[in-house]
Amino acid sequence: MELQFVNISKNYGKKTALTNVNLTLHEGVHALLGPNGAGKSTLMNILTCLLKATDGKITLDGEEITAMGARFRDMLGYLPQNPGFYNSFSGYGVMKYFADLKGMKKPQDRIDELLELVNLTEDKKRKIGHYSGGMKRRLGIAVSLLNDPKLLVLDEPTAGLDPKERMRFRNIIGKLGFDKIVILATHIVSDVESISDNCLLLKNGEIITTGSADDLKEHIKGKVFNTPMSQEKAEEYILNNSCANIIKTEDSLFVHSVSDEKPFENSVPAPANLEDVYMYYFNEQSKTEEEK
Ligand code: ADP
Ligand code: MG
């Protein structure tokens with residue numbers, strides 16, 4: 001399968017949200033990374049045909065998706081950024097409702113299999129109103145998988161989840177087949193570092209670079225530094241530098257930072273991780289609210 005974005009641009013009135021996005025994607029997990037406002041949801045909404053691009057086209061194996069209609073929708077699974085479920089439905093009831101909408105015949109076995117995959121078997125009879133945020137997200141993933149989609153789009157699937165729920169989510173993605181194109185839009189690097197085959201960095205509506213996590217780390221080789229410092233100096237330094245954080249070990253403290261030039265005389269080169277890549281390109285850290 002080949003999914004191609006060809007010169008996709010989108011304006012909301014005078015506001016430009018996407019500029020000439022060109023991408024070619026194959027089976028695997030693709031992380032669409034970028035800070036809030038980068039244009040991730042806009043791109044995902046164009047891909048799922050909920051929004052029209054101002055310019056450009058998207059093709060699947062050479063065919064324009066807007067012309068494929070129902071055939072495209074049958075291949076698509078989508079978890080929107082803010083999925084809404086009826087609070088009075090049970091988890092099972094939601095699954096059944098969407099299975100009926102998709103015209104699935106005898107969906108019970110598939111529903112049970114998916115509820116098991118996302119760890120909701122025991123809670124399937126409980127009302128959604130009593131589900132935690134994490135449980136609702138997991139249910140959303142199960143819904144998006146109902147029709148065994150060949151193209152799975154997940155928009156900020158871990159927003160509002162605690163670290164344990166996020167780990168559970170990563171395990172679910174890891175269990176999905178290798179026969180799908182999965183696109184996972186997020187501003188949280190730690191969610192995708194271990195599970196993505198390919199990263200797409202989106203900044204101010206433009207794709208600035210793409211590649212595997214290893215490729216991207218290679219790009220910033222030699223730009224990551226550790227600098228031993230007093231706590232006081234370190235705290236002052238990170239206040240003025242968005243591309244730096246403090247790392248404490250049992251017997252030492254240093255500032256971990258990313259820059260083109262060596263920041264201090266006593267700085268030593270350090271290996272890059274994907275969070276460093278994010279800091280380098282976006283000039284900010286990708287940490288979730290609760291980690292800050
Ligand atoms: P992300 O999902 O990466 O946070 P979005 O695609 O939601 O980014 O938004 C990209 C940009 O487009 C933002 O500046 C946002 O304010 C703007 N935007 C999104 N939706 C609309 C809309 N319906 N009308 C006007 N501007 C919008
Ligand atoms: Mg978004």
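In this predicted model, helix 4 (residues 91-101) packs against helix 6 (residues 133-144), with the two axes 10 Å apart and set at an angle of about 25 degrees. Angles under 35 degrees count as roughly parallel, so helix 4 and helix 6 go down as roughly parallel to each other. As for the hand of the crossing, helix 4 passes helix 6 in a right-handed one.

Turning to the residues that do the touching, helix 4 brings Gly91, Val94, Met95 and Phe98 to the contact, and these meet Leu139, Ala142 and Val143 of helix 6. Sorted by class, that makes six nonpolar residues and one polar residue, with no charged residues in the contact of helix 4 with helix 6. The polar one is Gly91, because Gly is put in the polar class here.

Zooming out, the protein has 10 helices and 14 strands. Its C-alpha trace stretches about 70 × 45 × 35 Å along the principal axes. How does that sit with the overall radius of gyration, and what would a compact globule with 292 residues have? Such a globule would come out near 19 Å, and the protein has 21 Å, so the value agrees with a compact globule.

On the inside, buried residues account for 47% of the 292 residues in the protein. As for how the chain meets up with itself, take the contacts with a separation of 6 or more: 69% of them join residues 24 or more positions apart.

Notes:
Residues numbered from 1 in each chain as written. Chains lettered and ligands numbered in written order. Predicted model: local features only at pLDDT ≥ 70, side-chain atom pairs only at ≥ 80, totals over all residues. Heavy atoms only, no water. Axes fitted to C-alpha atoms, helices over the stretch in contact; angles between N-to-C directions. Helix = DSSP H or I, 4+ residues; strand = E, 2+ residues; numbered from the N terminus. Parallel < 35°, antiparallel > 145°, perpendicular 65-115°, else oblique. Left-handed = near helix turned anticlockwise from the far one by under 90°. Contact = heavy atoms within 4.5 Å. Rg over C-alpha atoms; globule rule 2.2 N^0.38 Å. Buried < 20%, exposed > 50% of the residue type's maximum accessible area, 1.4 Å probe, protein only.
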